[in-house]
Amino acid sequence: MLLNHDYKYPFTYILGWSNSRYEQFCLCKRKYYYHRYGKYDTTHHSSKINQLKDLTSLPLAKGTIVHDVIKGILSRLQRTESPIDKDRLKVYVHKLTKEYYEKNTFSEHHYKSRTDNFIDALFEEVHQRIVLFVNSSSFSFILEKALPVKNEWIIEPGGHGETRIEGMKAYCKVDFLFPINGHVFIYDWKTGKSSKLKHKRQMIGYSYWASEALGISKSNITPIIVYLNSAHEENPIKLFENDIVHFPEKIKTETRLMYDYCTNIEKNIPKPKRAFEKTDKINICMYCNFRELCFSDE
Ligand code: SF4
């Protein structure tokens, strides 16, 4: 089975649904505005908005570095099948953590909830999850079953995973995908809290992307979520007919809700900022990158 996912859609400005975009939209409309439409703001300079938008955090950093290390491990396996040297892996994890730590600004530092250098704590957290991964049944399965088709692996494909779900623009980007005997396995690594219902939606989206981009039937796709927290947990998603049939309708409804906040849908131009309500849930604001703006807004 030759997997080809390089198709590029013609560029359009219209917004595209993604699980993360809609989650952000539901969490706080104002946050969604700053993230997606900051350049239209007339109160705060776009450089300030971008600075806050680019802040990372410990949980985000942990997830990103774990993804980068796993990507590195899988790419290495494509080059050589020699066993992983645990000491060299540790050095590699430390290198990536250090690079990430030095390149990014943490919201914990920006908002002074921490003033210490927590690179060692971050490294320990990432390393613990990588050790879990290389000792996991998921990794054993990949070594045993997927290695023979390593030339057909798709590891974090470039771009944003643009696709169409019944004609609607959407973005669904997989972590890792491979075929075995005409069946496709999609893996997604998670370092945050386990939320099977929420993550299942995301995986249905990935199945749509794979089906559209690779021309395979959804019945031949198994999406698998791998949680890497205090323990390894593998959660294969069973796609029921109902999930598949109702998914496009849900995406259309959610996309239309987001369209309602545009004055020009085709060009993706937003309504004025005041239309994007602030959440009244203080526990969301407490961890929001944009909280310094909200306290000074009208
Ligand atoms: S601080 Fe609160 S209200 Fe303001 S953007 Fe963030 S989450 Fe929304």
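Good morning. I begin with Cys28, which is buried, at a relative accessible area of 9%. The model I am presenting is a predicted one, and every value I give is computed from it.

Where does Cys28 sit? It is found in the loop between α1 and α2. Apart from its neighbours within four places in sequence, Cys28 is in contact with Glu277, Lys278 and Thr279. The pair Cys28 and Lys278 deserves a moment: 250 residues separate them in sequence, whereas in space their C-alpha atoms are 6.0 Å apart.

Cys28 also belongs to the surroundings of the ligand. The residues around the ligand are Cys28, Arg30, Lys31, Lys278, Thr279, Ile284, Cys285, Cys288, Arg291 and Cys294. Three elements, α2 (29-37), α11 (282-285) and α12 (291-294), each give two or more residues to this shell. By class, the shell consists of 5 nonpolar, 1 polar and 4 charged residues.

Let us stay with helix α2. Why is α2 described as largely enclosed by the rest of the structure? The reason is that 7 of its 9 residues are buried, where buried means a relative accessible area under 20%. Those residues are Lys29, Arg30, Lys31, Tyr32, Tyr33, Tyr34 and Tyr37. Two of the names, Arg30 and Lys31, we have already met around the ligand. The elements covering the buried residues of α2 include the helices α1 (19-27), α3 (46-53), α10 (241-259) and α12, together with the strands β8 (262-264) and β9 (269-270).

I turn now to the strands. An open sheet is formed by 5 strands, in the order β1-β4-β5-β6-β7, and its pairing is mixed. At its edges are β1 (154-155) and β7 (232-236), each of which pairs on one side only. Within the sheet, strand β5 (residues 183-190) runs parallel to strand β6 (residues 221-228), and 7 bridges link the two. Trp189 stands opposite Val226, a residue of β6. As a general point, side chains in a regular strand alternate between the two faces of the sheet.

Another pairing joins strand β2 (residues 162-165) to strand β3 (residues 168-171). These two run antiparallel and are connected by 4 bridges. They form a hairpin with 2 residues between the strands. Which residue in the turn has a positive phi? It is Glu166, with a phi of about 45°. Beside the turn, Ile165 has Met168 in β3 as its bridge partner.

Next, a single residue in helix α7 (residues 119-134), namely Arg129. Is Arg129 buried or exposed? Arg129 counts as buried, because its relative accessibility is 7%. Setting aside residues up to four places away in sequence, Arg129 touches Lys62, Val66, Thr191, Leu228 and Asn229. Of these contacts, Leu228 falls within strand β6, which spans residues 221-228.

Finally, I come to the second largest pocket, whose volume is about 270 Å³. Its lining is made up of Gly72, Ile73, Arg76, Arg79, Ile84, Asp85, Arg88, Leu89 and Tyr92. Both α4 (58-79) and α5 (86-103) supply at least two of the lining residues. Which element gives the most to the lining? That is α4, with 4 residues. In terms of class, the lining has 4 nonpolar, 1 polar and 4 charged residues.

To close, I return to the starting point: Cys28 is buried, and Cys28 is one of the residues surrounding the ligand. Thank you for your attention.

Terms used. Residues are numbered from 1 along each chain as its sequence is written. This is a predicted model: local features need pLDDT of at least 70, side-chain atom pairs count only at pLDDT 80 or more; totals for chains, interfaces and linings use all residues. Side-chain values use heavy atoms; hydrogens and water are left out. Two strands pair if DSSP finds at least two bridges between them. A residue is near a molecule or strand if one of its heavy atoms lies within 4 Å of it. Ala, Val, Leu, Ile, Met, Phe, Trp, Tyr, Cys and Pro count as nonpolar, Asp, Glu, Lys and Arg as charged, and the others, Gly among them, as polar. On a 1 Å grid over the protein atoms alone, a cavity is a set of points where a 1.4 Å probe fits but cannot get out, and a pocket is an open set with protein on both sides within 12 Å along at least five of seven lines; lining residues have an atom within 4 Å of a point. Grid points are joined across faces, edges and corners, and a volume is the space filled by probe spheres set on the points. Buried means under 20% relative accessible area, exposed over 50%, partly exposed in between (1.4 Å probe, protein chains only). Contact means heavy atoms within 4.5 Å.
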